[in-house]
Amino acid sequence: MKAITFETFGGPEVLQVTDVPVPEVRPADLLVRVHAAGVNRADLTHRTGGYGRPDFGDSLIIGLEISGEVIEVGSEVSGYQVGDRVMGVVGGGAYAEIARIDYRMAMPIPADLDYVHAAAIPEVFVTAHEAMIHLAKLKQGESVLIHAAAGGVGSAAVQLAYATGAKVFATTDGGKLSRVEHLGADFAIDYKTQDFAQVVARHTDGQGVDVIIDFVGEPYFTRNIKSLAKGGRLVQVGILGGGGDVGLRLEDILYRHLQIIGTVMKSRTQSEKHGMVRRFREHWLDRFEGGGSLEPVVDSTFPLARAADAHRKMEASLNVGKIILTMPPGA
């Protein structure tokens with residue numbers, strides 16, 4: 001089968017299409033003919049050597065989410081059969097014509113969705129639900145500030161927050177404000193020209209927001225703490241802007257009853273990942289059916305052979321929503 005591999009770490013140009021063996025099916029696996037694969041920032045870290053040469057549980061090949069058709073099932077699999085359309089999170093191996101996935105990490109594709117839009121769901125919506133709904137316990141009537149709101153997880157979080165009935169503040173590039181508002185943001189903030197802490201204070205009468213979902217890290221930390229209401233919850237999902245030391249007054253945490261929570265899917269145990277997928281599936285999956293309140297946001301598609309161009313676009317932060325790789329016809 002064809003897959004994207006790279007011999008050395010480096011820029012997008014190291015990615016190449018090569019022939020590799022079809023993965024072996026384990027007892028709890030589905031073997032899936034991949035029709036589309038989501039591109040994630042973790043893939044960029046993988047390509048540049050941030051993880052070394054990892055085996056995340058399924059494959060050494062790059063890529064973390066797929067959609068496609070089941071072509072074989074393991075002996076311990078239940079609930080799936082050959083021919084089913086599935087999407088899900090894999091432990092590597094998505095940038096390939098065929099991938100294996102633990103069946104507990106898979107979900108049926110809603111009937112109205114094609115494979116491209118299905119591939120835009122698993123990683124980002126599962127992560128957004130886990131951070132904002134399960135860990136931060138965002139509720140109807142509360143307020144949330146979502147950073148990097150035009151990205152994959154950010155755009156998913158805006159939709160879930162809106163569907164929950166929360167007031168949504170969202171930071172993004174000025175050219176993407178209208179798109180973020182379309183997803184459900186009440187206040188879209190241009191992070192380059194506006195101070196989000198000032199905007200939050202102005203629109204909350206100085207009280208702050210109940211929840212903050214942050215992907216940036218150190219440059220935003222102090223203002224994040226300042227922007228939290230009493231009893232507020234900051235969930236750190238990424239550190240795109242840096243993960244260095246941050247200053248913190250313990251009195252702020254203590255007397256304002258604040259919570260700071262970190263979450264990364266990649267470093268969780270397999271059973272924890274099963275729970276994350278199950279919680280999202282039970283809570284939201286039917287909302288993607290016809291007329292539902294959620295929609296996967298696809299920015300653009302690239303054929304597998306142009307994976308390097310897909311990475312370049314993500315590195316330049318030109319996307320709103322997901323960048324998707326599609327497999328060759330007849331693959």
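## Close-up views of a predicted model

**Figure 1. Helix α4 rests across two strands.** Our first close-up begins with helix α4 (residues 152-164), which lies across β8 and β9 and runs at about 170° to β8. This is a predicted model, so please read each view with that in mind. Beneath the helix, strands β8 (residues 143-146) and β9 (residues 167-172) run parallel and are joined by four bridges. To find your place along this pair, look for L145, which stands opposite F169 in β9.

**Figure 2. The six-stranded open sheet.** Widening the view brings in an open sheet of six strands, paired in parallel and ordered β10-β9-β8-β11-β12-β13. Which strands stand at the edges? They are β10 (187-190) and β13 (259-262); each has a single partner strand, so one side of each is left without a neighbour in the sheet. From one strand to the next, the twist averages 15°. As background, strands of a sheet pair through backbone hydrogen bonds, and the pairing may be parallel or antiparallel.

**Figure 3. H147 and its surroundings.** Here we move to the loop between β8 and α4, where H147 has its place. Is H147 buried or exposed? Its relative accessibility is 0%, so H147 counts as buried. Setting aside neighbours within four places in sequence, H147 is in contact with T171, F196, I212, I213, D214, F215, V216, Y220 and N224. Two of these names come back in other views: T171 lies in strand β9, and Y220 is among the buried residues of helix α7.

**Figure 4. T171, seen from strand β9.** This view turns to a contact partner of H147. T171 lies in strand β9 and has 2% relative accessibility, so T171 counts as buried too. Not counting residues up to four places away in sequence, T171 touches L145, I146, H147, A148, A149, I189, Y191 and F196. F196 is also on the contact list of H147, and L145 is the residue that stands opposite F169 in β9.

**Figure 5. The two faces of helix α7.** In helix α7 (residues 218-227), the buried residues include Y220, F221, N224, I225 and S227. Seen down the axis of α7, the buried residues fall within an arc of 155°, so they line one face of the helix. Which exposed residues does the face turned away from the buried side carry? They are T222 and K226. On the buried side, the residues of α7 pack against β8, α6 (196-203), β11 (209-214), β12 (228-236), α8 (250-255) and β13. Several of these elements, β8 and β11 among them, are strands of the open sheet in Figure 2.

**Figure 6. A covered strand, β6.** For a change of scene, look at strand β6 (residues 98-102), which is mostly covered: five of its five residues are buried. I98, R100 and D102 point one way from β6, while A99 and I101 point the other way, and all are buried. Strand β3 (residues 29-39) runs antiparallel to β6, and five bridges join them. One marker for this pairing is R33, whose bridge partner in β6 is I98.

**Figure 7. Two loop residues with positive phi.** D205 is not a glycine, yet it has a positive phi of about 55°. D205 is found in the loop between α6 and β11, and at 69% relative accessibility D205 counts as exposed. H257, another residue other than glycine, has a positive phi near 60°. The place of H257 is in the loop between α8 and β13, and at 48% relative accessibility H257 counts as partly exposed. If you are checking backbone torsions, these are two residues to find.

**Figure 8. The whole protein, for orientation.** Stepping back, the secondary structure comes to 10 helices and 15 strands. The radius of gyration is 20 Å, close to the 20 Å that the globule rule gives for 331 residues, so the protein is as compact as a globular protein of that length. Along its principal axes, the C-alpha trace spans about 60 × 40 × 35 Å. Of the 331 residues, 55% count as buried. The protein exposes about 14,000 Å², and carbon and sulfur atoms supply 49% of it. Among contacts between residues at least 6 apart in sequence, 68% join residues at least 24 apart.

Terms used: Residues are numbered from 1 along each chain as its sequence is written. This is a predicted model: local features need pLDDT of at least 70, side-chain atom pairs count only at pLDDT 80 or more; totals for chains, interfaces and linings use all residues. Side-chain values use heavy atoms; hydrogens and water are left out. Two strands pair if DSSP finds at least two bridges between them. Axes are lines fitted to C-alpha atoms, for helices over the stretch in contact, and angles run from 0 to 180 degrees between N-to-C directions. Contact means heavy atoms within 4.5 Å. The radius of gyration is taken over C-alpha atoms; the globule rule is 2.2 Å times the number of residues to the power 0.38. Buried means under 20% relative accessible area, exposed over 50%, partly exposed in between (1.4 Å probe, protein chains only). Accessible areas come from the Shrake-Rupley method with a 1.4 Å probe; for residues, only the protein chains shown count as cover. The arc is that of the directions from the helix axis to the C-beta atoms.
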